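Me: I should like to go through the terms used for this structure and the grounds for each of them. Please set each value against its definition.

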Amino acid sequence: MLSDYRLIAFETIVYKEIRRFMRIWTQTMLPPVITISLYFVIFGNLVGSRIGEMGGFRYMEFIVPGLIMMAVIQNSYSNVVSSFFSQKFQRSVEELLVAPIPNYVILSGFIAGGMARGLCVGFIVTLVSLLFAELRIFSPLITIGVVLFTSLVFSLGGFINAVFANNFDDVSIIPTFVLTPLIYLGGVFYSIELLPPFWQLVSRLNPIFYMVNTFRYGILGTSDIDVAWAFAMLVLFAVLLFGVCIWLLRKGTGIRS
Amino acid sequence: MTAAISVNNLKKVYASGVVALKGVSLEVGQGDFFALLGPNGAGKSTFIGILSTLVKRTSGEVRMFGRDVDTHVYQTKRDLGIVPQEINFSQFEKVGDIVMTQAGYYGLPRKLAAQRTEKYLKQLGLWEKRDVRSRLLSGGMKRRMMIARALVHEPRLLILDEPTAGVDIELRWSMWDFLLEINRAGTTIILTTHYLEEAEQFCRNIAIIDEGRIIEDTSMKKLLLELDTHAYILDTEADFDADLRHEEPGLALRKVDSHSIEAVLSGGRDINSAVAVLDRLGIRIVSMRNKVNRLEQLFLSRLRADENGGG
């Protein structure tokens, strides 16, 4: 019974999270797919045909992994931040807090929900990309591994944002002013070899750069960085952020007075 | 028998510096129907918040059915159902989904959760609304849904913070019937309410909290016996014009209008003495009611005494 009840609670949270983003699919699933499709058309097709090759691949083929990763990152993050904050805002988070659920189960439930949306949107974007480019997967294991870890890390990031958010502005500040610039400067649209040495060094401080490049390596077999090192960073980030989330939940930051 | 709730020297100071509880000690027996009364800002919701773990206590000890809430976190949470004063469910979810989800949070397998959801939504008259989005419910329905949600894991202790606020009279009575029924079946009930006549009628024991301290903790019967004056309004059979002067000690009669009389009894006088005097004056009584709710009278006198430092 003891292990059962935790599993049931976990499944309940995940089911509720999936039900939420499916219910409002016109806000959660459709916009990112349309936006990324426009990137394919404008940058990949129209502009890309004039750019020629990047990193030894057609420009469209080069940007596909980055755009898929962009969809995964943004949707994993925004699902957790908006769901947990709206539960705080409506006080329905109290339903969870009064129930006999360990903190790690609560956290895992929200993270799984965020990953579910991130991966769903990522999958749809991948399907759309097939209309524009041939998708060859160099290493399925690395591709799946990096996408899972990236989704996990950004779901955890979304959770921390939601814990500290006091209003709806706080929910959009980080995605707008931190996440989007990091994604654009993380090598989605270009290889850092094009940059001067100083800016190459700066780019290497951006964690998203490692995720995009590792994912690109999984698909194309080419990367600006050492894949093993990138994986080690991802695992480290995931462990650190998970620890921070559990600590915040235990302290009751933003949820218990 | 172990107490359902045993609280010792409970203190709460919020980060803002507000002292909400100043050392509350209280015991509520198993199977009790207990009223926790107090004016706004007295500390009732903080007290309930601490029991539900939504508010962190500054110091003090809380035991539920003999178990320390710190060392038996999950068991004590399982024993407790909470109906808060404020609406705290998703306004976008369907009624049935909200109750089912809560059952899942308590680890109930899906089949059992569905059975319990049906059972409690039916008992609270909401089964027909199971597929309705919760924001579309009336205020009374929302409150009943929160009761169904709190009961879905069948707790041994149910705490209701203002359960009948905003509920119309008819539904209020059916809600009380329902609460009495589950109390008879063994569930301990603690409630706060502003409807003191309801607390007087349904609760067996009572505590009054004021400015973060318990100023009264006794049985309802004992408390009401302490009331030394009782005021009634008596309705006469016909209009009267008689002089109400009499020699009976401890009884004051006053004409309210041509067909009703106020009778104030003190010093152990009962209502029969008033009826006998009026009978001698040729006035027949057809009905009577309390002028002021007795508990309300006591409640206010206790608060006044507390304000004056009389304890």
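**Sheet and interface of chain B**

Reply: In this predicted model, chain B holds an open sheet of six strands in the order S6-S7-S8-S3-S9-S10, with mixed pairing.

Me: What makes S6 and S10 of chain B the edge strands?

Reply: Strand S6 (80–83) and strand S10 (213–219) of chain B each pair on one side only, and they are therefore the edges, pairing being taken as at least two bridges between two strands. Neighbouring strands of the sheet are turned by 15° against each other on average, direction ignored.

Me: How do you know that S9(B) and S10(B) pair?

Reply: Six bridges join strand S9 (residues 205–210) of chain B to S10(B), and the requirement is at least two, so the two strands count as paired. They run antiparallel, and Ile209(B) stands opposite Ile214(B) in S10(B).

Me: What packs on the sheet?

Reply: Helix H1 (residues 44–51) of chain B does, touching strand S3 (33–37), S6, strand S7 (157–161), strand S8 (188–192) and S9 of chain B. The direction of H1(B) makes about 150° with that of S7(B).

Me: Why are chains A and B said to be in contact?

Reply: The criterion is C-beta atoms within 7 Å, and 23 residues of chain B meet it with 20 residues of chain A, so the chains are in contact. Helix H2 (73–78) and helix H3 (95–105) of chain B are the elements that give two or more residues to this side of chain B. The largest share, four residues, comes from H3(B). By class, the side of chain B that touches chain A has ten nonpolar, nine polar and four charged residues.

Key: Residues are numbered from 1 along each chain as its sequence is written. Chains are lettered from A and ligands numbered from 1 in the order in which they are written. This is a predicted model: local features need pLDDT of at least 70, side-chain atom pairs count only at pLDDT 80 or more; totals for chains, interfaces and linings use all residues. Two residues are in contact if their C-beta atoms, placed from the backbone, lie within 7 Å. Ala, Val, Leu, Ile, Met, Phe, Trp, Tyr, Cys and Pro count as nonpolar, Asp, Glu, Lys and Arg as charged, and the others, Gly among them, as polar. Axes are lines fitted to C-alpha atoms, for helices over the stretch in contact, and angles run from 0 to 180 degrees between N-to-C directions.
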